[in-house]
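Welcome! Let's look at a protein fold together and ask what lies behind some of the words used for it.

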Amino acid sequence: MLDFTQAIIDGIAIGSLYALIAIGYSMVFGVLQFVNFAHGELFMLGAYFVMLFLTLGAPLWVAILFSLLSVGTIAVVIERVAYKPLRKHSRLAPLITAVAISLFLQNIIQVLFSPNSLSFPINIPGNIITFGELFVRIRDIGIFSLTLLLAFLLELFLFKTKAGTGIRALAMHADASRLCGVPFNRTVSLTFFIGAILAVVAGTIQGMATNQIFPLMGVNAGLKAFAAAVLGGIGEIRGAVLGGLVLGISESMLVSYGLSTYKDGFAFVILILVLLIRPQGILGRTQLVKV
């Protein structure tokens, strides 16, 4: 029982990072009904941009702020240049384009920096507090709290602001929201921007927690976050958070019980099972399609 509880505690931090990335997948899918497989690379870009600004001598908060703006702008440009012209095509076209964008971003970072891992300039101390026989890293508490805070603020934005209402309206019915005056292109760009800044936060935390970054760090994290989004119910913010936590805790349990070899593949086992048993995910709703 002690190992079981410890595994849950250990998995919450990594699950929180999956959740932050998964929210971006969910928001884009909710609005455009397509999976942006380049989203994991925004997570990687965020870590590299923060490292770059820190190396140039910027304070941490300035580095994070400029990285949020830079990667958010890149996400908007990708949507406008690569995805927007394909909106009227089949869903396969933007999906393949997303894979191409993902490979392009990985390669350009390898050329500009290095194909090898780089040391992140700042790390989060791994101080530990104990509760009886249980160990908890203070940074894990911070990561989990930050994830919940950002998810809460995002929900406030979606439900209490005009722009957020526009995103929800677009996710419910794109044509009807256009007739009601929701600016489609601007709202889609805003969705990509918000998803990107959450990915930057996750990438920065990952760099500071592990003290290293590498060009392919977005591949595994992105695919697992996608699995988390599907598990929770893609298109649902709370579902993305729940899915990320479930996936992170599940991985931690595999490691705890000596099955770490299967850790990476487990996310995709979950993905297949969810698609077979409950395609709409834990919190997702079944959508009726008129034919």
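What follows is a set of questions and answers on helices, their crossings and some single residues.

Q: What kind of model is this, and how are residues numbered?
A: It is a predicted model, where local features need pLDDT of at least 70, side-chain atom pairs count only at pLDDT 80 or more, and totals for chains, interfaces and linings use all residues. Residues are numbered from 1 along each chain as its sequence is written, and side-chain values use heavy atoms, with hydrogens and water left out.

Q: What makes α1 a helix with a span close to the expected one?
A: Helices are DSSP runs of H or I with at least four residues, numbered from the N terminus, and α1 has 31 residues, 2-32. The expected span is 1.5 Å times one less than the number of residues. For α1 that gives 45 Å, and the helix reaches 44 Å from its first C-alpha to its last.

Q: Where does α1 bend, and how is the bend defined?
A: The bend is at I12 and is about 35°. A bend at a residue is the angle between axes fitted to the seven residues ending there and the seven starting there.

Q: Why is G15 called buried?
A: Buried means under 20% relative accessible area, exposed means over 50%, and partly exposed is in between (1.4 Å probe, protein chains only). G15, which lies in helix α1, has 0%, so it counts as buried. In α1, 22 of the 31 residues are buried.

Q: Why is P183 called partly exposed?
A: Its relative accessible area is 34%, so P183 falls between the two cut-offs. P183 is found in the loop between α7 (174-179) and α8 (184-210).

Q: Why is α1 called oblique to α10?
A: The two helices pack at about 140°, with axes 5 Å apart. Angles under 35 degrees count as roughly parallel, over 145 as roughly antiparallel, 65 to 115 as roughly perpendicular and the rest as oblique. An angle of about 140° belongs to the rest, so α1 is oblique to α10.

Q: What makes α1 roughly antiparallel to α8?
A: Their axes come within 8 Å and cross at roughly 170°. That angle is over 145, so α1 is roughly antiparallel to α8. Axes here are lines fitted to C-alpha atoms, for helices over the stretch in contact, and angles run from 0 to 180 degrees between N-to-C directions.
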